[in-house]
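Trainee: Please take a close look at one part of the surface for me. Then go on to the charged side chains and the pairs they make.

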Amino acid sequence: MPEIRVTPLGAGQDVGRSCILVSIAGKNVMLDCGMHMGFNDDRRFPDFSYITQNGRLTDFLDCVIISHFHLDHCGALPYFSEMVGYDGPIYMTHPTQAICPILLEDYRKIAVDKKGEANFFTSQMIKDCMKKVVAVHLHQTVQVDDELEIKAYYAGHVLGAAMFQIKVGSESVVYTGDYNMTPDRHLGAAWIDKCRPNLLITESTYATTIRDSKRCRERDFLKKVHETVERGGKVLIPVFALGRAQELCILLETFWERMNLKVPIYFSTGLTEKANHYYKLFIPWTNQKIRKTFVQRNMFEFKHIKAFDRAFADNPGPMVVFATPGMLHAGQSLQIFRKWAGNEKNMVIMPGYCVQGTVGHKILSGQRKLEMEGRQVLEVKMQVEYMSFSAHADAKGIMQLVGQAEPESVLLVHGEAKKMEFLKQKIEQELRVSCYMPANGETVTLPTSPSIPVGISLGLLKREMAQGLLPEAKKPRLLHGTLIMKDSNFRLVSSEQALKELGLAEHQLRFTCRVHLHDTRKEQEMALRVYSHLKSVLKDHCVQHLPDGSVTVESILIQAAAPSEDPGTKVLLVSWTYQDEELGSFLTSLLKKGLPQAPS
Amino acid sequence: MAAHLKKRVYEEFTKVVQQQQEEIATKKLRLTKPSKSAALHIDLCKATSPADALQYLLQFARKPVEAESVEGVVRILLEHYYKENDPSVRLKIASLLGLLSKTAGFSPDCIMDDAINILQNEKSHQVLAQLLDTLLAIGTKLPENQAIQMRLVDVACKHLTDTSHGVRNKCLQLLGNLGSLEKSVTKDAEGLAARDVQKIIGDYFSDQDPRVRTAAIKAMLQLHERGLKLHQTIYNQACKLLSDDYEQVRSAAVQLIWVVSQLYPESIVPIPSSNEEIRLVDDAFGKICHMVSDGSWVVRVQAAKLLRKRTAHERAKELYSSGEFSSGRKWGDDAPKEEVDTGAVNLIESGACGAFVHGLEDEMYEVRIAAVEALCMLAQSSPSFAEKCLDFLVDMFNDEIEEVRLQSIHTMRKISNNITLREDQLDTVLAVLEDSSRDIREALHELLCCTNVSTKEGIHLALVELLKNLTKYPTDRDSIWKCLKFLGSRHPTLVLPLVPELLSTHPFFDTAEPDMDDPAYIAVLVLIFNAAKTCPTMPALFSDHTFRHYAYLRDSLSHLVPALRLPGRKLVSSAVSPSIISQEDPSQQFLQQSLERVYSLQHLDPQGAQELLEFTIRDLQRLGELQSELAGVADFSATYLRCQLLLIKALQEKLWNVAAPLYLKQSDLASAAAKQIMEETYKMEFMYSGVENKQVVIIHHMRLQAKALQLIVTARTTRGLDPLFGMCEKFLQEVDFFQRYFIADLPHLQDSFVDKLLDLMPRLMTSKPAEVVKILQTMLRQSAFLHLPLPEQIHKASATIIEPAGESDNPLRFTSGLVVALDVDATLEHVQDPQNTVKVQVLYPDGQAQMIHPKPADFRNPGPGRHRLITQVYLSHTAWTEACQVEVRLLLAYNSSARIPKCPWMEGGEVSPQVETSIEGTIPFSKPVKVYIMPKPARR
């Protein structure tokens with residue numbers, strides 16, 4: 001029985017270090033290769049030893065697919081390919097390929113330079129790893145090998161994010177990565193065609209949320225920023241360098257322009273400039289508005305937003321600072337947060353999801369006293385706001401995507417177990433699709449019934465068409481032919497041709513039957529009676545009386561004979577071929593009932 | 001050598017022949033038209049290959065055919081059809097048959113048999129589809145003929161099983177358009193059993209080809225449009241199609257569902273997967289809501305559009321309830337609820353949750369606009385819904401696409417009667433005043449005109465923002481004043497407590513008198529005075545200078561400042577207003593009287609007639625200036641009388657008395673008069689809106705007289721006959737056209753110039769030019785003056801250029817050879833079809849003139865009869881030594897042949913569509929504005 005097997009190495013009932021193994025029709029694919037923000041030990045990378053204890057990963061995996069450039073989806077890639085060792089192809093979209101190394105380098109710097117970690121991947125490893133990448137375009141079907149093909153769909157979320165369809169023969173799996181069903185200021189909404197995969201692996205970050213209007217969130221955000229700035233306070237917005245940051249920048253930029261505000265907006269580190277550069281380049285991946293207006297003005301060329309210098313944090317007066325990373329777990333955002341946390345005039349706006357264990361998660365859950373490294377206790381007096389700008393699909397969006405793709409079953413990853421449970425129920429109940437939510441390391445096995453294409457000879461098809469009426473849509477039709485399996489392809493041909501091709505002689509299969517009848521008359525007469533009887537019953541068949549005294553109905557032969565021992569009974573010999581089985585058995589049963597009395 | 005010689009001989013010979021032909025041609029004036037069908041027949045027989053034949057047919061199709069000769073042409077085509085082997089030629093013939101059967105005045109029932117006949121023998125699918133299309137054309141042409149319709153339906157049913165989707169499509173289209181409406185079939189169609197058209201079409205909902213499925217749904221909708229009541233069973237079928245793989249099918253299915261839900265709103269349908277039942281209209285609404293989040297934006301637009309048509313709106317509330325799901329606004333809010341009721345209503349199944357939220361947030365602005373429109377429709381019918389959707393609408397003011405913002409502001413204005421803005425909403429609304437787009441700001445002013453504000457702080461806020469707007473964009477002055485006028489008159493009680501602050505008066509001290517020319521101060525005063533109109537206690541708060549300013553503004557800006565009942569002052573204006581009303585009737589009377597006076601023109605001597613006309617024109621002009629309502633009529637009649645005056649004056653010229661032709665330039669006055677009359681008639685015809693056919697006749701008649709005058713003058717002043725031939729012939733053609741166009745109106749033109757002219761037409765045709773001129777001259781003198789009937793409503797087109805203002809002393813500098821963009825902003829009044837007629841002209845000092853055609857999108861339509869042109873004009877010139885002024889003005893382009901009642905076959909169909917839209921002449925209709933420009937030589 002063919003089957004699809006899915007094992008999450010990360011992101012199973014969890015958010016972070018997305019890494020899912022899929023085996024489909026004998027092909028093994030790894031979807032994403034991320035790291036976990038919440039951990040600084042071995043747990044931050046997926047456990048690749050699950051794939052193989054000894055032996056090279058390349059032998060076990062046919063390809064690796066990276067959905068987008070967020071570190072929880074690609075952070076472990078250099079470790080995986082260079083340190084564990086993988087030489088196969090890695091697929092990602094062009095923007096992801098461009099931006100991914102920047103983020104990895106940034107991540108490496110924080111880990112090695114700041115925290116002084118040893119045994120971490122090096123810059124050279126990132127470069128080597130990126131050399132193995134094959135970039136794909138949207139909707140481009142890429143043949144990984146003769147059987148395995150993949151295809152990318154637009155996913156929104158961040159620049160270059162894509163959903164991937166993995167297809168072998170007629171079996172297919174769609175992996176969504178992270179996606180967004182509502183468009184935002186700079187990206188469009190995810191879209192997929194009705195590809196009807198066997199399995200849809202979807203993220204479920206907001207499994208229990210139905211978001212309200214995005215516009216009023218935007219308005220609230222602008223209002224809060226504006227008010228704080230007018231009060232003279234400082235606003236810290238921790239973001240990931242790419243993605244939400246650009247959306248919020250566009251939002252603030254246009255607002256600043258409209259309201260003619262002079263308060264400085266900073267964006268941390270040189271990383272931004274490089275990243276914004278890519279945003280300017282990959283205009284086709286953005287939304288309708290930016291695509292249509294970029295000829296006049298590229299929206300990513302900000303007028304009001306300047307680069308941040310560390311010294312600025314101590315400047316007096318109001319300011320708005322976008323700082324990385326987004327969960328306040330390390331780096332610049334955490335530094336600035338420490339400086340500003342003591343002043344109640346200031347504000348921190350968390351625009352996205354925070355993983356458990358990060359500072360962001362702690363302050364959002366209301367913790368006011370934080371233990372920092374070195375047993376310091378930091379008292380948080382500044383206002384803490386949560387604005388969900390995270391570009392993940394909400395429950396309705398997930399259901400919508402499932403409805404669009406029409407999969408046979410759904411598998412949830414990248415979410416919290418409790419929430420997944422809820423969504424799982426909803427999906428099973430409303431869309432009537434079986435739904436799975438494996439934990440890390442747990443394998444889900446899905447039996448599939450792949451359809452097998454069979455070639456049919458045109459002659460046979462036409463012959464069959466000529467016999468019956470026109471084929472009706474979506475209704476099965478019976479067809480006689482011979483199935484030939486040769487060199488792993490299947491053909492349906494007429495039996496004559498099959499015999500010819502295989503060089504076989506045709507065997508005739510005949511059934512014979514004796515029917516005893518009480519009759520005293522001569523055989524000749526008997527045959528005549530049988531003839532007239534059949535003639536009257538079988539009106540639309542060709543009934544013939546042959547000169548040698550036998551009767552034929554189509555190809556069925558009937559002979560009357562008199563057994564020597566009993567003159568009172570006559571024996572009718574009925575003989576028919578295998579092809580006329582139906583008519584033959586009908587005739588025998590008819591004759592067994594006896595002949596009608598002659599009208600004498 | 002011999003060959004060469006022979007050729008020369010031949011050449012000489014042909015030369016001679018040509019000369020002979022020329023002579024004959026000059027004698028003939030008659031124009032003959034070759035028979036259409038004969039020509040076509042010859043062409044088709046000449047054709048040696050299918051490609052040739054196709055070429056002939058294509059050429060033939062470019063020219064129209066008269067109704068009389070259609071049948072002949074059809075026969076020829078059919079005859080050729082039978083012989084033709086090439087399917088592409090047959091296809092073209094079939095399509096020609098369809099086109100021909102649409103000819104007005106031709107009854108196509110005679111060719112139906114043939115068409116059905118050839119249909120039966122046709123093998124090519126494409127030709128079959130085209131033939132069915134032809135049958136459709138025939139069938140729609142004969143809507144009363146039941147038998148034919150039945151037959152066609154029968155044919156369509158027969159071909160429904162065709163393997164080509166094109167043929168099935170056409171069959172379904174045919175069924176949709178012609179399927180019988182009545183079950184009671186008339187007796188003459190007994191042979192053909194009445195078919196259940198709906199059943200047949202419904203069967204094709206599950207066709208294998210999506211195009212056919214779409215066609216089937218469209219056919220069903222067509223049946224509905226024709227008044228056939230659709231069965232309720234269709235609803236279930238259509239619901240299945242909502243999950244079709246193809247967007248065009250889904251899009252059509254959504255429409256069908258809506259239609260059915262309107263037909264059977266109250267019937268009950270079961271909710272799948274539960275025992276409950278709901279009304280069909282609710283079910284359909286849920287389904288349409290669901291489609292707002294479809295994968296294809298085409299479907300989303302369609303669904304959003306249909307949402308607005310909903311009549312029952314009480315369930316609109318549920319759009320925002322998101323039930324057991326959390327809103328995601330607060331952190332931690334999304335923890336799953338403890339008890340999950342599995343029997344809970346299937347929100348997503350019913351699709352209603354947040355349909356509008358989705359629509360308004362859609363990626364494609366087309367969908368968002370449709371959603372805003374839907375909101376508008378629903379809010380207009382339900383105040384409670386209006387209140388609910390207000391927040392969403394206000395949010396749309398921040399959309400990134402201007403069109404959407406504009407649309408939502410307009411929507412808000414439309415529903416503003418039902419709502420009162422909260423302060424925070426007002427805040428968001430007012431923030432948009434800083435938008436750099438003029439359209440947005442003006443739309444917002446309009447919105448504020450009719451908004452209800454709840455608090456005095458709100459009014460103050462609005463005023464402050466509007467003044468800010470005024471300083472930022474001084475050009476918005478008029479719009480802002482108007483806005484404050486309404487704001488004041490709507491909220492007198494809210495303005496009252498603000499007055500001391502606004503006027504900055506102090507209880508004890510006198511404050512400095514503000515500057516009267518300050519637009520901001522005027523704006524404040526407009527607000528206060530309009531509020532004071534219904535608030536008698538307010539004037540007590542005014543200081544002395546306020547009263548003086550009131551008097552000044554009441555005079556200078558009377559449309560913005562109302563008459564106030566001020567203590568200790570007479571109501572000056574109250575004496576004026578009733579007098580205006582009472583004057584209306586006499587002025588109308590006066591107009592009538594002065595026009596009637598002109599009737600007697602006939603009986604006066606030329607001198608007297610001239611005088612009468614002169615002072616009538618003067619009266620009319622004055623009347624037009626005084627009474628703006630009558631300005632159109634007065635101007636129109638004055639122009640007509642002026643034409644007549646010019647004509648009389650020209651005929652009074654001394655030069656006519658001289659017997660011999662004059663070759664000197666002494667006839668300047670007459671030819672100038674002719675030219676001016678022509679111009680005036682064009683103005684009359686094209687510059688006034690509301691001109692009816694009966695006026696057009698008179699105008700054309702006047703023009704004809706002018707042309708006759710021109711001819712006579714030319715005959716008198718030019719030597720030689722050669723040019724005269726051409727002119728005479730042209731003039732006679734014009735007369736011929738006149739007769740054809742206005743054949744119905746000729747009885748009204750008794751004793752007129754043209755009446756007499758037509759009597760003499762046969763003689764004129766054969767006369768020599770000199771004779772023609774003589775006849776014309778006498779007839780011009782003898783002809784009666786035609787009375788111009790006044791139209792009901794007539795308005796003169798006018799245009800005012802707001803920008804450029806022409807006041808700037810700073811020249812617009814640019815490098816010569818490059819272009820500079822000049823913003824032009826103008827209001828147009830009573831211009832019909834401005835997109836095609838209004839042009840911008842730029843006159844350079846060197847006399848070079850440039851005409852610019854503004855884009856259709858540059859015209860906006862803010863109100864009935866009003867248009868606004870906002871465009872950019874590109875100027876360029878070679879270098880000048882110093883700055884100089886260019887003139888910018890607006891022109892009204894006209895083309896008299898396009899205006900004439902449509903008669904496309906008139907000139908043997910020589911008129912190609914391009915000629916029809918081309919410009920024949922232009923009338924300047926705005927004051928020119930001077931713009932200072934300075935092209936500098938490029939620096940090397």
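Mentor: Ile456(A) sits in strand S23 of chain A, which covers residues 455–456. The model is a predicted one. At a relative accessible area of 34%, Ile456(A) is partly exposed. Together with Leu458(A), Leu461(A), Met465(A) and Leu479(A), Ile456(A) makes a nonpolar surface patch of about 400 Å². The most is given to this patch by helix H14 of chain A (residues 458–467), with three residues.

Chain A also has a charged patch on its surface. Lys109(A), Lys114(A), Lys274(A) and Arg310(A) gather there, and the charge is positive. Of these, Lys274(A) belongs to helix H8 of chain A, residues 271–281. Lys274(A) has a relative accessible area of 51% and is therefore exposed, the cut-off being over 50%.

Now the salt bridges. Over all chains, the structure holds 53 of them. In chain A, Arg56(A), Glu82(A), Asp87(A) and Lys132(A) are linked in a network of salt bridges. Another pair in chain A is Glu416(A) with Lys419(A), whose closest N and O atoms are 3.8 Å apart. Glu416(A) is partly exposed at 34% relative accessible area, whereas Lys419(A) is buried at 7%.

In chain B, Arg441(B) pairs with Asp476(B), with 2.4 Å between the closest N and O atoms. Arg441(B) is in helix H22 (residues 438–449) and Asp476(B) in the loop between helix H23 (456–472) and helix H24 (477–490), so this salt bridge ties together parts 35 residues apart in sequence. Both partners are buried: Arg441(B) has a relative accessible area of 3%, and Asp476(B) has 0%.

A further bridge in chain B joins Glu614(B) to Lys649(B), the closest N and O atoms being 3.7 Å apart. This pair links distant parts of the chain, with Glu614(B) in helix H30 and Lys649(B) in helix H31 (residues 631–652), 35 residues apart. Here both side chains belong to partly exposed residues, Glu614(B) at 37% relative accessibility and Lys649(B) at 34%.

Helix H30 of chain B runs over residues 606–626, which is 21 residues. From first C-alpha to last, H30(B) reaches 30 Å, close to the 30 Å expected at 1.5 Å a residue. The buried residues of H30(B) include Gly608(B), Leu612(B), Leu613(B), Thr616(B), Ile617(B), Asp619(B), Leu620(B) and Leu623(B). In an α-helix there are 3.6 residues a turn, so residues three or four places apart point the same way.

How values were computed
Residues numbered from 1 in each chain as written. Chains lettered and ligands numbered in written order. Predicted model: local features only at pLDDT ≥ 70, side-chain atom pairs only at ≥ 80, totals over all residues. Heavy atoms only, no water. Helix = DSSP H or I, 4+ residues; strand = E, 2+ residues; numbered from the N terminus. Expected span 1.5 Å × (residues − 1). Buried < 20%, exposed > 50% of the residue type's maximum accessible area, 1.4 Å probe, protein only. Patch = residues over 30% accessible without salt bridge, like charges linked within 9 Å, V, L, I, M, F, W, Y side chains within 5 Å. Areas by Shrake-Rupley, 256 points an atom, 1.4 Å probe, with all protein chains shown as cover. Salt bridge = Lys/Arg side-chain N within 4 Å of Asp/Glu carboxyl O. Lys, Arg positive; Asp, Glu negative; His and termini not counted. Charge placed at Lys NZ, Arg CZ, Asp CG, Glu CD.
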